[in-house]
Amino acid sequence: MPLDLHAHTTASDGSFSPAELVAHAREVGLRAVGITDHDTIGGWDEALGAGAELGVEIVPGVELSVAYEGGRFHLLGYYFRADSELTRTLREIQAARANRNQIILDNLRRLGVPLDEAEVLAFAGDKGVVGRPHFAQAMVSRDYVASTQEAFDEYLADGKPAYSTKAVLTPQRAIALIHEAGGVAVWAHPPRSGQYSLPELEARLQEWIAWGLDGLETYYSSYTDAEAQWTARMQKQYNLLGTGGSDFHGAPKPHVKLGVTHTGKAVPDRVLDELKARRS
Ligand code: AMP
Ligand code: ZN
Ligand code: FE
Ligand code: FE
């Protein structure tokens with residue numbers, strides 16, 4: 001039975017609660033599902049409980065935002081200990097987010113499109129990390145903009161007038177924290193990291209490998225053929241672990257189906273054993 005090692009829940013910006021996500025994983029016939037919320041492990045406990053009940057194996061993970069040489073990247077951590085410096089660092093990042101959200105609220109007010117904190121929180125759900133997608137949804141519901149994409153393009157995207165930077169780790173520090181906690185570090189969807197050419201990405205990959213990177217996503221729901229071929233080539237050339245998944249979010253990305261990658265299929269079963277073999 002197949003796998004999906006990249007999915008989001010209401011603990012970050014997904015629309016399925018952890019238990020709902022696990023139930024859905026069972027429905028679509030997955031053996032295991034990775035819980036990889038943005039900068040939080042808040043979905044783990046509920047997912048592990050539901051997984052034990054429904055017979056779906058839970059792969060505990062996180063999707064970290066990392067900043068490097070002016071670029072923003074996503075780094076997945078799997079199987080790290082919850083009692084760790086990494087988890088403590090995630091809590092600090094969460095606290096920094098609260099300040100940042102106040103700045104975004106102030107900016108929106110100044111720009112003549114005020115929101116109440118409560119309406120933004122309502123879109124985030126009770127245990128959710130509040131992020132820009134939730135501001136965008138609140139702006140749509142106020143009819144300030146026609147779509148969440150318009151909210152980003154006009155106000156919230158990096159460099160736009162309501163934007164405020166967020167605290168992030170460097171990839172080097174993030175890889176070290178993941179390893180120190182016994183986990184496995186995987187570069188998420190490298191070709192989807194912004195405006196980098198493939199040779200530029202390969203140069204970064206070589207540095208990240210020197211810092212201990214374990215793998216990269218060779219399966220991803222929205223890869224083009226060229227992107228899939230490039231990541232597969234990098235994985236083989238540098239002898240990395242090749243993981244992946246759908247990046248399921250539920251309603252925020254309705255076209256992405258749990259358990260479906262660019263191949264039209266799920267991630268093959270053997271990847272789970274390879275991932276587990278890298279734990280320490
Ligand atoms: P945050 O964690 O608050 O910085 O929000 C990051 C999320 O906002 C990303 O995961 C995307 O879902 C979304 N996002 C960021 N930039 C854009 C953009 N230019 N257009 C649409 N969505 C974006
Ligand atoms: Zn997301
Ligand atoms: Fe991502
Ligand atoms: Fe993701």
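The site of the iron ion (ligand 4) is irregular, with angles of 78 to 167 degrees among its 4 donor atoms. An irregular label follows because four donors count as tetrahedral only if all angles lie between 85 and 135 degrees, and as square planar only if opposite donors are over 155 degrees apart and all others between 65 and 115. The model is a predicted one.

The protein donors here are His6 through NE2, His8 through NE2, Glu63 through OE and Asp247 through OD, and they lie 2.1 to 2.2 Å from the iron ion (ligand 4). Along the chain these donors follow the spacing H-x1-H-x54-E-x183-D. His6 and Asp247 link distant parts of the chain, being 241 residues apart. His6 sits in the loop between strand 1 (3-4) and helix 1 (18-27), and Asp247 in the loop between strand 7 (241-245) and helix 10 (270-277). His6 is buried, its relative accessible area being 0%. Asp247 is likewise buried, at 3%. The zinc ion (ligand 2) is separated from the iron ion (ligand 4) by 4.6 Å.

Glu63 leads to the next site, since this residue bridges the iron ion (ligand 3) and the iron ion (ligand 4). The two ions lie 3.5 Å apart. For the iron ion (ligand 3), the protein donors are Glu63 (OE), His74 (ND1) and His189 (NE2), at 2.0 to 2.2 Å. Their spacing in sequence is E-x10-H-x114-H.

His74 and His189 also connect distant parts of the chain, 115 residues apart. His74 belongs to strand 4 (residues 71-78), whereas His189 lies in the loop between strand 5 (184-187) and helix 8 (198-210). Which of the accessibility classes does His74 fall into? His74 counts as partly exposed, because its relative accessibility is 23% and buried means under 20%. His189, with a relative accessible area of 7%, is buried.

Turning to helix packing, helix 3 (residues 85-110) and helix 5 (residues 132-141) have axes that come within 11 Å and cross at roughly 30 degrees. Helix 3 is therefore roughly parallel to helix 5, as angles under 35 degrees count as roughly parallel. The crossing of helix 3 and helix 5 is right-handed. On the helix 3 side the contact is made by Arg100, Asn101, Ile104, Leu105 and Leu108. Helix 5 contributes Arg132, Phe135 and Met139.

Methods
Residues numbered from 1 in each chain as written. Chains lettered and ligands numbered in written order. Predicted model: local features only at pLDDT ≥ 70, side-chain atom pairs only at ≥ 80, totals over all residues. Heavy atoms only, no water. Donors = N, O, S within 2.8 Å, 3.2 Å for Na, K, Ca; no water. Tetrahedral: all angles 85-135°; square planar, octahedral: opposite > 155°, others 65-115°. Helix = DSSP H or I, 4+ residues; strand = E, 2+ residues; numbered from the N terminus. Buried < 20%, exposed > 50% of the residue type's maximum accessible area, 1.4 Å probe, protein only. Axes fitted to C-alpha atoms, helices over the stretch in contact; angles between N-to-C directions. Parallel < 35°, antiparallel > 145°, perpendicular 65-115°, else oblique. Left-handed = near helix turned anticlockwise from the far one by under 90°. Contact = heavy atoms within 4.5 Å.
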